[in-house]
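Hi everyone, thanks for coming. I'd like to walk you through one binding site and then one residue from a strand beside it. Here is the model.

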Amino acid sequence: MAWYHPLLFALDAERAHSLTIATLEAWGKAGAPLAPRTDDKHAVTVAGIRFPNPVGLAAGVDKDARAVAGFLGLGFGFVEVGTLTPQPQPGNPKPRIFRLPEDRGVVNRLGFNNGGIDAALARVAALTPRPGIIGINVGANKDSTDRIADYGTAVAKAAPLADYVTINISSPNTPGLRDLQSQPELGQLIAASDAARHVGGKRVPLFLKVAPDLSREGLEVAIRAAVDGGIDALIVSNTTISRPDTLRSANAKETGGLSGAPLAPLALAKLVEAREIADGAIPLISAGGVGSADEARRRLDAGASLVQLYSALVYEGPGLARRIVDGL
Ligand SMILES: Cc1cc2nc3c(=O)[nH]c(=O)nc-3n(C[C@H](O)[C@H](O)[C@H](O)COP(=O)(O)O)c2cc1C
């Protein structure tokens with residue numbers, strides 16, 4: 001534990017998060033002194049994008065794209081901002097992020113709080129020179145009357161500024177959102193997003209992010225739709241609504257999506273299933289409980305081309321990305 005950990009842990013989880021973002025935002029603006037790693041040894045090409053290393057910052061950390069340069073400066077090979085929705089929205093009432101310290105997990109029910117896609121994209125556009133690979137994760141507004149149209153709108157806005165765009169249909173905190181993982185909605189959603197991703201002559205890569213709570217059949221449906229619809233990579237996975245028996249923290253009973261170490265076995269199992277189903281037809285990105293070089297290596301060996309992480313940062317601190325990359 002770093003010296004400031006007790007200070008951050010004394011704060012409510014969302015306040016600690018805001019403080020972290022503000023610090024990294026300031027550091028990024030000051031010209032984050034540690035440039036992202038570019039050594040060829042760790043570089044991977046996925047969907048035509050060259051990632052300097054395979055360890056990414058998962059969506060939800062920097063929802064509003066305030067601290068992209070700062071996170072890249074910490075050694076992440078790529079940063080996925082968002083989830084961003086067409087209209088700004090406040091999300092659910094606080095408190096809505098809970099640490100599970102005994103389990104090294106997190107439960108959140110944020111509900112896509114964000115300042116809206118336009119404000120975030122203005123921040124991304126202002127990043128010159130471009131500090132690294134930036135994915136833009138998009139979703140639908142909670143009160144939208146046409147969620148599929150929201151994805152089309154958000155993809156069209158994001159594509160000109162994104163190295164890739166992720167369609168997030170797997171948050172458990174927007175009621176009904178995960179129904180979009182089933183047909184016929186999924187096919188319609190992918191078609192609308194595909195139509196919106198072209199910028200000039202360029203086809204911006206589209207990634208799809210799924211829940212770990214999909215059954216094998218559900219995963220088969222999602223993968224078939226993704227491959228047929230021209231999706232370039234699948235992110236497995238978002239947080240889980242399940243609660244393993246092993247959990248010890250009082251906050252385990254909070255409503256929301258569970259992430260961090262307790263999600264690792266399920267995230268790995270779903271990655272393995274996805275590899276069996278996809279059989280090489282689409283690249284896989286593993287998220288869920290990655291918190292060490294060993295765990296990252298396990299995911300790469302199990303078929304992931306890239307990994308992403310969020311919750312382990314809470315427990316392991318800002319040096320984590322660099323330690324994982326060095327340990328690979
Ligand atoms: C507080 C919090 C907020 C999140 N917000 C988003 C989000 O806005 N969009 C998204 O696609 N995933 C979101 N996630 C899910 C993460 O991107 C990731 O898929 C999940 O947490 C599993 O990785 P981890 O175990 O390393 O945290 C969020 C996770 C947490 C803990």
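Let's start with the strands: strand 4 (78-84), strand 6 (105-108) and strand 13 (257-260) each give at least two residues to the shell around the ligand. Strands here are DSSP runs of E, at least two residues long, numbered from the N terminus, and a residue is near the ligand if one of its heavy atoms lies within 4 Å of it.

A word on the source: this is a predicted model, where local features need pLDDT of at least 70, side-chain atom pairs count only at pLDDT 80 or more, and totals for chains, interfaces and linings use all residues. Residues are numbered from 1 along each chain as its sequence is written, and side-chain values use heavy atoms, with hydrogens and water left out.

Who comes nearest? Of the 23 residues around the ligand, they are Ala-59, Thr-83, Gly-260, Gly-289 and Ser-311.

Now some polar contacts, meaning pairs of N or O atoms within 3.5 Å. A polar side-chain atom of Thr-83 sits 2.7 Å from a ligand nitrogen. The side chain of Asn-168 has an N or O atom 3.1 Å from a ligand oxygen.

And what about Val-81? Val-81 belongs to strand 4, and it is buried, with a relative accessible area of 1%; buried means under 20% with a 1.4 Å probe, counting protein chains only. Val-81 lies 55 residues from Ile-136 in sequence, yet their C-alpha atoms are 5.1 Å apart.

Thanks, friends, happy to chat!

Conventions. A polar contact is a pair of N or O atoms within 3.5 Å; within protein, one must be able to donate a hydrogen and the other to accept it, and residues adjacent in sequence count only if both atoms are side-chain atoms. Helices (H or I, at least four residues) and strands (E, at least two) are DSSP runs, numbered from the N terminus. Buried means under 20% relative accessible area, exposed over 50%, partly exposed in between (1.4 Å probe, protein chains only).
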